[in-house]
Amino acid sequence: MTAAGTATATATGIGLTLPVGGELRRHELGRPGPWRRPDAPLSSRIAYAAAHVIPKVDADNTPGAPADLDWDHTLAYRHQLWSYGLGVAEAMDTAQRGMGLDWAATKDLIARSGREAAAVGGRLACGAGTDHLAIADVPAGARGLAAITDAYRTQIDVVRGADAQVILMASRALAHVATTPVDYLSVYAAVLTEADQPVILHWLGEMFDPALRGYWGSTDIAAATTTFGQLIENHADKVDGVKVSLLDAEHEVALRRALPVGVRLYTGDDFNYPELIIGDGAGHSDALLGIFAAIYPAASTALQELDGGNTERARDILESTRALGRHIFAAPTYYYKTGIAFLSWLNGQQPGFAMVGGLASGRSVGHLCELFVLADRAGLLSDPDLAAGRMRMFLTVHGVGS
């Protein structure tokens, strides 16, 4: 059954044999869910989808090569997200920041997305970090902290130049140079004091980026949270919200309840988003999620149901996508972008299954076959015939008969 309660097991008459769970299994495709675009802005939650990027089909997508993007398809994907009422979180880790998307391409991406957002009135927030710095060249001590602060300023200027909200991303350089929690507080305080509008702070866990281990000055999450909370308390007027990507629902709820009034919690928990977005009697999380780039038709429909007061219906829809989300973000979690790009290709939103930096090889054939099954069960293959045809091509290329 799909989230809509429509039988899908043999609804299309399309089937293929897939290697799933170590054996070949026949899978019969169902029909896509009854997803719909909103006829009014979403109102009960602020929701961003962190979008991926699509390279040119003839680009040199080898590791270390400059990113060469297919702008037509990359921007069309953002228009799809906006058409479903979602905001776009641009130039985040989903767009392969630090995993193939270099700063030159990032600047261009932010500028182009800013123009497209303005043209359609789409909500846009963009990541500002320090990834144009070569970590090996950043000096230790106060000079290094000053260089990192200046790097944040450079990227914030680019985001604000696109008339987008700033998402202050975690910095690998800061994680490398900082020796105490005070080092983090000093850099962020300097940046937040200068902010011309409230920003979104992003705490990205090491499961998404191992180079961020010990962020906020400690590998102990409770101690790190204390530092993070101190920063927010000290600069609450400059913080619109916090995006927390630790895949720990209990921690997120506790943090959400401790935030100053007016500071939002944008869940970045791609495992536990259904209950976090629905919330409890004490509050709810808004959303800034990579998984929303994969499930956006269902996510939008769920939020529309929530706007209409149909909480259980919204919960059921989001819950129906959870297995897909957990699979896409399974360890090693930093390869989740591969699954999002694969689903985009299956749905005809990019001409080939390719990613900058060669990241299309980040997941196994078995993993992607299971993704195909889970996406179908969630009603998220928009054109089953096209998806099946592309899946057959994929299997043939990898030597798997279907």
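This text describes the cavity and the two largest pockets of a predicted model.

The enclosed space may be taken first. The model contains one cavity of 30 Å³ or more, and the largest cavity has a volume of about 70 Å³. Its lining comprises 15 residues, and those closest to the centre are Asp93, Thr94, Lys243, Gly290 and Tyr336. Two strands, β8 (239-245) and β10 (286-289), each contribute at least two residues to this lining. In terms of residue class, the lining of the largest cavity is made up of eight nonpolar, four polar and three charged residues.

The open spaces come next. The largest pocket holds about 360 Å³ of space. It is lined by 22 residues, and Arg97, Gly98, Asp131, Arg172 and Asp209 are the closest to its centre. Two or more lining residues come from each of the elements α4 (172-177) and β7 (199-204). When the lining of the largest pocket is divided by class, 11 residues are nonpolar, five are polar and six are charged.

The second largest pocket encloses about 260 Å³ of space. Around it stand 14 lining residues, with Gly85, Leu86, Gly87, Gly121 and Arg123 nearest the centre. Seven of the residues in the lining of the second largest pocket are nonpolar, five are polar and two are charged.

For inspection of the model, the central residues offer points of orientation: Lys243 and Tyr336 are among those closest to the centre of the largest cavity, Arg172 and Asp209 are among those closest to the centre of the largest pocket, and Leu86 and Arg123 are among those nearest the centre of the second largest pocket.

Note on methods. Residues are numbered from 1 along each chain as its sequence is written. This is a predicted model: local features need pLDDT of at least 70, side-chain atom pairs count only at pLDDT 80 or more; totals for chains, interfaces and linings use all residues. Side-chain values use heavy atoms; hydrogens and water are left out. On a 1 Å grid over the protein atoms alone, a cavity is a set of points where a 1.4 Å probe fits but cannot get out, and a pocket is an open set with protein on both sides within 12 Å along at least five of seven lines; lining residues have an atom within 4 Å of a point. Grid points are joined across faces, edges and corners, and a volume is the space filled by probe spheres set on the points. Helices (H or I, at least four residues) and strands (E, at least two) are DSSP runs, numbered from the N terminus. Ala, Val, Leu, Ile, Met, Phe, Trp, Tyr, Cys and Pro count as nonpolar, Asp, Glu, Lys and Arg as charged, and the others, Gly among them, as polar.
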